[in-house]
Amino acid sequence: MGASRYIHGSDPEEQQRLSRLNELLNDACLAELSLKGGEKILDVGSGLGQFTRAMARAGKTRVLGIERDAAQIEEARRQARAAGEENLAEFRQGDAVELPLSTGEWGAFDVAHARFLLEHVPDPQAIVRAMARAVRPGGCVALADDDHEILRLWPKPAAGEAAWAAYKQSYSALGNDPYVGRRLVELLHGAGLKPVRNRWIWFGSCAGEASFDAKLQNLIRIIAGAREVILSHGLLGEANLDAGLRDLEAWGGRPDAAMWFAFNWAEGVRRASPGGEPSWFPWASEA
């Protein structure tokens, strides 16, 4: 999105990972969003569209998804057709900073949502400002994103943690922020919104839980997917990276393995103003 520097790509293996991740996360995210029904919803960085369609089902509405990557849009449409849900969402290719909205769509949405997008862009504030412009006065901007410092694995897999540290550094190497989750309320405020909610969404597990292997494999896959960036920037040697990935696989076989992680969720509301757009909005003087 915009000058997005997305580490993971959109090959079939990555699309499969994202589909499984949606299965693990979407119910919890819908619970936080608390849709009442009938909302006009904008999903920014809609990816494969599973959560876009989930919001449409929950809100009994049609959702507009904006996605930069043509391959993701093609797969999103294919999945929607396969599920018989083509009417639930429109997928439109475009940039998150310069949202491809018509004049009548700006300021018309009840909800604008973005998940795991801001960590992959050099200027997340610009995206939140665009989202704030898209919602009506009283409308909500909902953000979900990672703070990668939160991950804790116990007992510690030393080589695996070294690989995770290199993965975090790969974000910074691309000009992205691996800790943007802690900044969500700040970003909402910086866009002229009134922050109203700040939450964790749990993504931890332990050996013996049904979700443990899927969450561990997601962890391993995202590190492996950043291989090119890690190696090209000298963040970790190839032998050490491979040793770290093997270490995580072995750690996952421990009966006492525990993974502690959560991602950040925050919401802000566009303030109503009887005189129209208030002067403290960053874009008010641009009209």
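Start with the little sheet: select strands 6, 9 and 8, which make an open, antiparallel sheet of three strands in the order 6-9-8. Helices (H or I, at least four residues) and strands (E, at least two) here are DSSP runs, numbered from the N terminus, and two strands pair if DSSP finds at least two bridges between them. Strand 6 (152-154) and strand 8 (205-206) are at the edges with a single partner strand each, so one side of each has no neighbour in the sheet. Now zoom in on strand 6 and strand 9 (residues 258-260), which run antiparallel and are joined by three bridges. Leu153 is the residue to click, as it stands opposite Met259 in strand 9.

Before moving on, a word on what you have open: this is a predicted model, in which local features need pLDDT of at least 70 and side-chain atom pairs count only at pLDDT 80 or more, while totals for chains, interfaces and linings use all residues. Residues are numbered from 1 along each chain as its sequence is written, and side-chain values use heavy atoms, leaving out hydrogens and water.

**The seven-stranded sheet**

Next, select strands 3, 2, 1, 4, 5, 10 and 7. They form an open sheet in the order 3-2-1-4-5-10-7, with mixed pairing. Strand 3 and strand 7 are the edge strands, each pairing on one side only. Look along the sheet for its twist, which averages 20° from one strand to the next. Angles run from 0 to 180 degrees between N-to-C directions, and axes are lines fitted to C-alpha atoms, for helices over the stretch in contact.

Select strand 1 and strand 2 together: they pair in the parallel sense over four bridges. Ile41 is a handy marker, standing opposite Val63 in strand 2. Now add helix 3, which packs on the sheet and touches strand 2 and strand 3, its direction making about 165° with that of strand 3. Contact means heavy atoms within 4.5 Å. Helix 4 (residues 124-134) packs on the sheet too, touching strand 1, strand 4 and strand 5, and its direction makes about 145° with that of strand 5.

Move along to strand 10 (residues 262-269). Seven of its eight residues are buried, where buried means under 20% relative accessible area, exposed over 50% and partly exposed in between (1.4 Å probe, protein chains only). What does strand 10 pair with? Strand 5 (residues 135-145) pairs with strand 10 in the antiparallel sense over six bridges, and Gly268 is the bridge partner of Val141. Strand 7 (residues 194-202) is also antiparallel to strand 10, over eight bridges; here, click Lys194 and its bridge partner, Val269.

**Helix 2 and the core**

Now pick helix 2 (residues 50-59). Eight of its ten residues are buried, so this helix is largely enclosed by the rest of the structure. Gln50, Phe51, Thr52, Arg53, Ala54, Met55, Ala56 and Gly59 are the buried ones. What covers them? The cover includes helix 1 (12-33), strand 1 (41-44), strand 2 (63-67), helix 3 (70-82), strand 3 (89-93) and strand 4 (109-115). Just after helix 2 comes Lys60, with a positive phi near 50°.

Stay on Met55 and show its neighbours. Not counting residues up to four places away in sequence, Met55 touches Leu30, Leu33, Leu35, Ile41, Asp43, Thr61, Val63 and His113. A nonpolar core is a set of buried Ala, Val, Leu, Ile, Met, Phe, Trp, Tyr and Cys residues joined through side-chain atoms within 4.5 Å. In the largest one, with 45 residues, Met55, Leu219 and Ile223 touch the most other members. Helix 1, helix 2, strand 5, helix 5 (158-173), helix 7 (212-225), helix 9 (238-251) and strand 10 each give two or more residues to this core. Helix 7 gives the most, with six. Apart from this core there is another, of 29 residues, among them Ala96, Ile127, Val141 and Leu184.

**Helices 5, 7 and 9**

Finish with helix 5 and helix 7, whose axes are 9 Å apart at an angle of about 55°. Ala163, Trp164 and Tyr167 of helix 5 meet Leu219, Ile222 and Ile223 of helix 7.

Then swap helix 7 for helix 9. The axes of helix 5 and helix 9 come within 7 Å and cross at roughly 120°. To see the contact, select Ala158, Ala159, Gly160 and Ala163 of helix 5 with Leu241, Ala243, Gly244, Asp247 and Leu248 of helix 9.
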